[in-house]
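I opened a fresh page for this one. Come and look over my shoulder while I go through what I looked up.

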Amino acid sequence: MDLFVQQTLAGISNGAIYASLALAIVMIYQAIDHINFAQGEMAMFSTYIAWTLIVRFDVPYWIAFGLTLVISFLGGMLIERIVFAPIHQAPALSHLLVFLGLYAIFNSLAGEIWGHTIKEFPSPFPDYSFGGLIGAHQVGTIVIVMFMLAAIYSFFKTTKLGLALRAVASNPESARLVGIKVKWMRALGWGLAASLGSLSGMMIAPIVFLDPNMMGGILIYSFTAALIGGIDSPGGAVAGGFLVGVLENLVGTYVEFIGSELKLTFALLLITGTLLLKPNGLFGRKIVTRV
Amino acid sequence: MPEVENHAVHPDSKSGVPESSSKTIGLTDVEWRRLAFVLSLSFAVILPFVFEGFTTFQFTLAGIYAIAILGLNLLSGFNGQISLGHSTFYGIGAYTSAIMINQLEVPAYWTIPAAALICLSFGFIFGLTVTRLEGLYLALATFALAIATPQILKSKHVEQWTGGVQGLDVYKPDVPQALPLEADQWWYFVVLGILLLMLWCTKNLVNSRSGRAMIAIRDNPIAARSMGINTSLYKALTFGCSGLYAGTAGALSAIVIEYVAPDSFTFVLSFFFLTGMVIGGMASIPGVIFGALFVLFLPNFAEDFSKNLAYAIFGILLIATVYAMPSGSAGLFSAILTRLKQKLNQ
């Protein structure tokens, strides 16, 4: 029983990280209708920026944390304005190529600037364990992610800017007609997504250690989470994140055939299964298009 | 929603230009094309006698990449299905060949068609499964496939065949005794021969009834279906064919490199193929050779500055290609040729 509780709690903590990255993917999907394949690498790059601030420049953790969120936000907006704005009418393949281009650029730039040796990333939480069931870092991760999600939720539901963002996501044409600056809303969506991504990077880095390829597997789980929840549903992405986190841990523990070494294959099965059986996810809208 | 206007995928359609009998410097277009083919073929034939062993080996690898990129181009360029999972097919081909040589002691040459057939069936089955997925969703499913592959190859369930993390050694058969060639040169010619065969098959395939069906599905799936094309079957078949190319390439690579290991078949390999295809030119058959040479040799040059920057250069070039030359270098090349011809004919 202890093992079950332990694994479920660890799953919820991992799930919080997947949820934040999945939410980032959904936000970009809502802004530009495409799935950002470079989301993980962007998050990794942000985490390196946080590492530089904390370890090289001795900035206190929470200030560095805030600074990284802001830098990532601006970086995300810049990427949208410079790279994606000119091609936003282009077909899916062009977008995919640009995403992959960014993926390669971030990955190799990080390797070039910071090297490929694995680095330890500090955790802001004490090295403490609650009854051997869950560590303080895990609890902290859940709390921080929940706090961020609540902040984003209230931003979308209560502010005028959030309303404008939702309007652009649901109908860009009409949004433009009522005077919303659609271009800037898209950039804002990217900025928020980049911030959320950096959050997930900073929370996972103390666990998996910092290196340029650390986000590969996490990105796959976050894709799975976003798809299971429904790629156009922010709430669904969060629910999907926790679901995938818990499932991943329990399956890895109890299904002997999968164990810890076929976890990515499990994600592959979940992705193809969702796409084939329930393409709109659990909470997604069904979209009907006219031929 | 089908995207009829597909600007990154536009083939540089030669059918738009009427096959005129007008001559440029005394030769018609067809004659020019033949001349170019003969010249590049003779260049390819003398190449292993000019360069030393290692360079020949690298050109052999470029030929192998070209076969894989050709398969990807058939799938993405002509049929409009995006795949980030071709490293998986390549890996299955390589492992099929390696296991047959290493454990079943089958002669190496026979493992190549065997790998091709296995990848054909795997591609067909996978293609049939994902036939409903379009655009980025297909990219996502194949991306997951590529990420999961090295882990599956390392898994303890298949370790007794794949050799786990350590991989497998492969023994390259000797050069036939009648030929006065070194091993590197011989395998260069084997790969060149298979590449030429594949190029010829692809050219005929895309100009056939089935090829037109594939292209119709890319351009407008709904119209294609209403014209009576069985789109799911054709998509799955194209996936299978594309797998066959990648599997052949993988088997050749296992034999030529004499070694397979799980970490040679990561997502990075798929990324290389995709970059090669895009830089060579989507839906361009000769473009794949340029694309393969490019992805194989650019990292060598880039390493002079820094090993890590090779990917960054690929990334920048990919983005630049999308912006500046959507039809790849093949499109750029034919645009320059058209300009040149106009100048000369004036």
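**Entry 1: the fold of chain A**

In what order do the elements of chain A run from the N terminus on? I read them off as α-α-α-α-β-β-α-α-α-α-α-α-α. A tally of the secondary structure gave me eleven helices and two strands for chain A. I should jot down here that I am working with a predicted model.

Next I looked up how compact chain A is. Its radius of gyration is 19 Å, and the globule rule gives 19 Å for 291 residues, so chain A is as compact as a globular protein of that length. I also noted the box that the C-alpha atoms of chain A fill: roughly 55 × 50 × 35 Å along the principal axes.

**Entry 2: inside and outside of chain A**

How much of chain A counts as buried? I found 60% of its 291 residues in that class. For the outside, I wrote down an accessible surface of about 12300 Å² for chain A. Carbon and sulfur atoms account for 67% of that surface.

Then I turned to contacts in chain A between residues at least 6 apart in sequence; 76% of these join residues at least 24 apart.

I looked up the charges too. Chain A has 15 positive and 14 negative ones, and their mean positions lie 20 Å apart.

**Entry 3: cysteines of chain B**

How many disulfides does a search of the whole structure find? The count over all chains is zero. I wanted to see this at single residues, beginning with Cys119(B). It is in no disulfide, and the nearest cysteine sulfur, in Cys241(B), is 12 Å away. Cys119(B) counts as buried because its relative accessibility is 0%.

Why is there no bond between Cys201(B) and Cys241(B)? The sulfur of Cys241(B) is the closest cysteine sulfur to that of Cys201(B), but at 9.9 Å it is too far for a bond. A disulfide would need the two sulfur atoms within 2.5 Å. With a relative accessible area of 34%, Cys201(B) is partly exposed.

**Entry 4: a threonine of chain B**

My last stop was Thr162(B). I located it in helix H6 of chain B, which covers residues 159-162. Is Thr162(B) buried or exposed? Its relative accessibility is 6%, so I put it down as buried; the cut-off for that is under 20%.

Which residues is Thr162(B) in contact with, leaving aside its neighbours within four places in sequence? My list reads Tyr95(B), Leu153(B), Gly167(B) and Leu168(B).

Terms used
Residues numbered from 1 in each chain as written. Chains lettered and ligands numbered in written order. Predicted model: local features only at pLDDT ≥ 70, side-chain atom pairs only at ≥ 80, totals over all residues. Heavy atoms only, no water. Helix = DSSP H or I, 4+ residues; strand = E, 2+ residues; numbered from the N terminus. Buried < 20%, exposed > 50% of the residue type's maximum accessible area, 1.4 Å probe, protein only. Contact = heavy atoms within 4.5 Å. Rg over C-alpha atoms; globule rule 2.2 N^0.38 Å. Areas by Shrake-Rupley, 256 points an atom, 1.4 Å probe, with all protein chains shown as cover. Lys, Arg positive; Asp, Glu negative; His and termini not counted. Charge placed at Lys NZ, Arg CZ, Asp CG, Glu CD.
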